[in-house]
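Visitor: I've just opened this one and would like a tour. Could you walk me through it, one question at a time?

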Amino acid sequence: MNKTINQKAWYFVIPVFVLVAFNAAIPLMTVVNYSFQETFGNNVFAWEGTRWFKQILLSERFHASLGRQFAFTFIILLIQIPLGIAIALTMPKKGWGVPVCLILMSMPLLIPWNVVGAMWNIFALPDIGFLGHSLNAMGFDYNFTQQPGDAWFTTILMDVWHWTSLVVLLSYAGLNSIQPAYYQAAEIDGASRWATFRYIELPKMKKVLTLAILLRFMDSFMIYTEPFVLTGGGPGNTTAFLSIDLVKMALGQFDLGPAAAMSLIYFFIVLLVCWVFYNLMMKNEAQS
Amino acid sequence: MSLELKNVEKKVGIDTHIHTTSLKLEKNTINVLLGSTLAGKTTLMQIMAGLDKPTSGEIWFDGKNVTGMKVQKRNCSMVYQQFINYPNYTVYENIASPLVITGVKTDEIKQRVGKVAELLKLSAMLNKKPDELSGGQQQRTALARALVKDSDLILLDEPLANLDFKLREELREELPKLFEDRDCIVVYATTEPSDALMIGGNTATLLEGKVIQYGKTLEVYNKPENLISAKVFSDPPMNIAEITKRGDNCKFTDNDVQWKSSAKIKDGTYKIGIRPHNITTYKEGNNSVEINGKVQISELSGSESLIHFTNGNLSWVSLSNGTQQKNVGEDTKLYMNTDEFLYFDQNNRLVNNG
């Protein structure tokens, strides 16, 4: 049998190629272009090789913001994942409580990010904000615009408020997919509540939790809008996470070369962490 | 030791799931709950286990009233239609889990798990996780978990329903042997009459939350108390028709087929039930009667032939041995073994039970 050869099929693929090119490849290549060159405007470029990459990787400023970024992501994951699971466990499984809880839980997810930032900024203001004023009235010396600890506390609290719901909803979906027979079997065995959680619920939620951790990692690692509106990276640079620092460098100081190099490094870190995380999870999956 | 349900009733909201039921299951028996989906088999089992409380009535076990006693305090185990095992435990840990919780010593656990695993042919897979096993092996693991405990009451809720044909046959043959020398009451729920016949023991036929009849499996099958019980315990479905009897002569209301009956019953109109295997393409028994039929569907399975046919208003099923090739639409002659007819009166009670 002869294979029919018809090169016309390529025409059908061209629109996708063009779309992807404009969408991803060309902007990315622009960044790559900037990262290896120095520009003084007027479309004049000078080749710089890997200078910007070396400069960024050795700069203390980058180390500091990367450190802050990891610390922030680590803390919010540490709070949101267990808290999300705990809330999902206490949510009703049937009756009128289900839609009520689900709607309440989805509310924070529906609010635009800069509105969240603005909301919390006003909420936390030490003189007129409800949170800030109450804390001060209770005797705490709270001022998130001046004290780094308070700024971190507020940023983390804001993120927990905004995103724990996502973990809750995913965990709830995972819990609901467990057949009632599992709980009965555990009951017949005389398993404790903790054992039921540890040996039935947690293993059964593994897939959705992997997804939740991955999503929360990526989102929090690229966080920009909310802390930008809330603290603007301050006081000083104490809440300047990677993306805030990046924008400062690119648009504030107009250091396009180093900023481009930094974005690429940033991009590779996200890619690497996701890849490692995904592979670890899949390896576990293959074992069990 | 016995398990007794005394006037047990279960209502959920305005729906009655179990109508007032009394049932006494004796020690060392296998009891089949036979009924279609939603007949109340699972609810009844959950009440027996103590996973669910009856709305009214009492449950007595071993001479003690155990109504409302929690399942953890009773010594029972349950196997489900779905293969329920702890996902990240190995087969060994899974089987051992009920013993570990009750604090049995490690040496004894090892010995008991080993014994049960051998019985269920799981010895080679003790270090694997449930995901790595076939459906049949997963269900064997669940069965082993139920057996290792030496429970007083073992409940099997359609344990073979999710298995493919071959594995089902295999495990079904083994099941009665597994319980042979155990001091326990076994309850086995199924939708398939063939399961009940294969397992033997006692059978309770259920319909819409009512126990229709309870007794020795063969007795329930051969002498169903009433038409409902006969229908529940017949697959393919039982053929039913109205007849009139005058003296020894019987005749269908819908056609002219006649036969002589030795049944000691009064003259009048009756309903008869004919099991499909008593209508065949060949003569069987000394008193067989011919009936004409138009073939509607003809199904061949390796050793049996199922022929759906019509005769006037009657739409019946026949089951013959061997491969009996019939064409759809063909007019054919079939033979009914009149000795096996079940006669029911106008209240659907069996009358030829002598």
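Visitor: Which pattern does chain A follow, read along the sequence?
Guide: First, the ground rules: this is a predicted model, in which local features need pLDDT of at least 70, side-chain atom pairs count only at pLDDT 80 or more, and totals for chains, interfaces and linings use all residues. Residues are numbered from 1 along each chain as its sequence is written, while chains are lettered from A and ligands numbered from 1 in the order in which they are written. Chain A has 12 helices and two strands, counted as DSSP runs (helices H or I, at least four residues; strands E, at least two) numbered from the N terminus. Along the sequence that reads α-β-β-α-α-α-α-α-α-α-α-α-α-α.

Visitor: What radius of gyration does chain A have?
Guide: The C-alpha trace of chain A spans about 85 × 75 × 35 Å along its principal axes. A compact globule of 288 residues would come out near 19 Å, by a rule of 2.2 Å times the number of residues to the power 0.38, with the radius taken over C-alpha atoms. For chain A the value is 24 Å.

Visitor: Which helix of chain A gives the most to the side that touches chain B?
Guide: Here 15 residues of chain A are in contact with 20 residues of chain B, contact being C-beta atoms, placed from the backbone, within 7 Å. Two helices of chain A, helix 8 (180–189) and helix 9 (193–221), each supply at least two residues of that side. With seven residues, the one giving the most is helix 8.

Visitor: Where does the largest nonpolar core lie with respect to the domains of chain B?
Guide: A nonpolar core is a set of buried Ala, Val, Leu, Ile, Met, Phe, Trp, Tyr and Cys residues joined through C-beta atoms within 7 Å; buried means that 20 or more other C-beta atoms lie within 10 Å of a residue's own, C-beta atoms being placed from the backbone. The largest has 90 residues, and B:Met48 and B:Val187 are among those touching the most other members. Helix 4 (residues 135–148) of chain B gives the most to this core, with six residues. Since domain 1 (2–227) and domain 2 (239–344) of chain B, with bounds from an automatic or database domain assignment, both give residues to the core, it lies between them.

Visitor: How far apart are the C-alpha centres of those two domains?
Guide: Chain B is divided into domain 1 (2–227) and domain 2 (239–344). Taken between their C-alpha centres, the distance is 38 Å.

Visitor: Which strands are the edges of the open five-stranded sheet in chain B?
Guide: The order of that sheet is 15-19-16-17-18, with antiparallel pairing; two strands pair if DSSP finds at least two bridges between them. Strand 17 (residues 304–311) and strand 18 of chain B pair over eight bridges, and one partnership there joins B:Ile307 to B:Ser318. An edge strand pairs on one side only, and the two that do so are strand 15 (279–280) and strand 18 (314–321) of chain B.

Visitor: What positive phi does B:Asp62 have in its turn?
Guide: Strand 4 of chain B pairs in the antiparallel sense with strand 5 (residues 64–65) over two bridges, and B:Phe61 has B:Lys64 as its bridge partner. The two strands form a hairpin with two residues between them. In that turn, the phi of B:Asp62 is about 55°.

Definitions and conventions. Buried ≥ 20, exposed ≤ 12 C-beta atoms within 10 Å, placed from the backbone. Contact = placed C-beta atoms within 7 Å.
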